[in-house]
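Please open the structure in a viewer and keep the selection panel at hand. The tour proceeds by selections, each followed by a description of what is found there.

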Amino acid sequence: MNGTDEAMTAWRVLRPGPVEEDPMDQVRIPVRSPAAGELLVRVLACGVCRTDLHVAEGDLPVHRSGVVPGHEVVGEVVARGPGADDWFALGDRVGIAWLRHTCGTCKFCRRGAENLCRESRYTGWDADGGYAEFATVPADYAHLLPRGYADAELAPLLCAGIIGYRALQRAALPPGGRLGIYGFGGSAHLAAQVALARGAEVHVMTRDVKARELALELGAVSAQGAADPPPVALDAAILFAPVGDLVLPAMAALDRGGVLTVAGIHLTDIPVLNYQRHLFQEREIRSVTANTRADAREFLAFAAEHHLDVTVHPYPLTAADRALTDLAHGEFAGAAVLIP
């Protein structure tokens, strides 16, 4: 395929602002040929992530004007740039995730923390993503995908799943421990299944009634309101909702030595913490910044061995604006996925 000979449908963020004010436009743009070391993929499915919402609404500062969002991309390789032949064959199904470049030489990259690289770049923020019919990706940042899943089911694994997995790792949940999950959307419902498969006891706090029902169906022991106390003290907790006010009840729910991880890239301001009530007895708060490719490989291997129940809500690519609006308003439990 010669990328300059074809055009495709895509969505661009042209006016970052509230989703109700239509920050994205549907456009026709050229299909870009893959550069050296890159793959060109035909998009089969693209997940709709809360980070896309933050980019569209301007919560995350613009890195590239008019960027095409979307970083949970399942695609078929249709062309390879020079030097990419050894990575994947034409026709292979591959995944494109959030992380798409690191320097490989800084102190963070050298110690296996490439997610902290100051030169890191991201799909759907620094480079065009999957709200389109075609997308490119550096071949060494594309992912092999597990079998046994439909395209739409795979898409949320590529960010919601990977970030949830890293957040769970950062939470340092002890074997058989009690895990609290605050917010229960695309990422949370996958992280909960990983924790349950490892023998954890899971308690979910979320405002959404449908999400509470889904949590109980998946095996959570309890499900209550977003700021309600769980029925037991927690060994660890993960905050998926981008609501800083929830840090206080989450910290208060932790047992001694408990860890709260904040999984989002954006969080509203956290109210004042009380040292005795929220931090004493060696309670900790940890942030989660992106992920490494090792995280992705580990999680996708786990998904291959333990089939995850991925709750998806398909939308046509032409309805990407509606999917983002529905996400903002909590209109579904699970994950929205665009299908070109």
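Begin at the boundary between the two domains of this predicted model. Across the interface of domain 1 and domain 2, nine residue pairs are in polar contact, with both residues of each pair at pLDDT 80 or more. On the side of domain 1 that touches domain 2, select helix H1 (50-57) and helix H9 (293-305); each of these helices supplies at least two residues to that side. Helix H9 gives the most, with five residues. Next, colour that side of domain 1 by residue class: 16 of its residues are nonpolar, nine are polar and six are charged.

Now select the two domains in full. Domain 1 comprises two segments, 7-159 and 291-338, while domain 2 covers 162-287, according to the domain assignment of the protein chain. A distance drawn between their C-alpha centres should read 26 Å. To display the contact between them, show 31 residues of domain 1 together with the 21 residues of domain 2 that they touch. The area buried between domain 1 and domain 2 is about 2,200 Å², and carbon and sulfur atoms account for 66% of this area.

Which residues form a salt bridge with closest N and O atoms 2.6 Å apart? Select Arg 166 and Asp 295 and show their side chains, for these two residues form that salt bridge. Across the interface of domain 1 and domain 2, one salt bridge is found.

Widen the search to the whole structure, where 11 salt bridges are found. One further pair to select is Arg 15 and Asp 25, whose side chains meet in a salt bridge with an N to O distance of 2.7 Å. This pair links distant parts of the chain, 10 residues apart: Arg 15 lies in the loop between strand S1 (7-13) and strand S2 (24-30), and Asp 25 lies in strand S2 itself.

For the last stop, select residues 36-146. UniProt, in an unreviewed entry, lists this range as "domain: Alcohol dehydrogenase-like N-terminal". How much of residues 36-146 is helix, and how much is strand? Colouring by secondary structure shows 11% helix and 32% strand over this range. The C-alpha atoms at the two ends of residues 36-146 are 27 Å apart.

Methods:
Residues are numbered from 1 along each chain as its sequence is written. This is a predicted model: local features need pLDDT of at least 70, side-chain atom pairs count only at pLDDT 80 or more; totals for chains, interfaces and linings use all residues. Side-chain values use heavy atoms; hydrogens and water are left out. Domain bounds come from an automatic or database domain assignment. Contact means heavy atoms within 4.5 Å. Buried area is the accessible area (1.4 Å probe) that two parts lose on being put together, summed over both. A salt bridge is a side-chain nitrogen of Lys or Arg within 4 Å of a carboxyl oxygen of Asp or Glu. A polar contact is a pair of N or O atoms within 3.5 Å; within protein, one must be able to donate a hydrogen and the other to accept it, and residues adjacent in sequence count only if both atoms are side-chain atoms. Helices (H or I, at least four residues) and strands (E, at least two) are DSSP runs, numbered from the N terminus. Ala, Val, Leu, Ile, Met, Phe, Trp, Tyr, Cys and Pro count as nonpolar, Asp, Glu, Lys and Arg as charged, and the others, Gly among them, as polar. UniProt positions are given in the numbering used here, feature names are shortened, and annotations may be inferred rather than shown by experiment.
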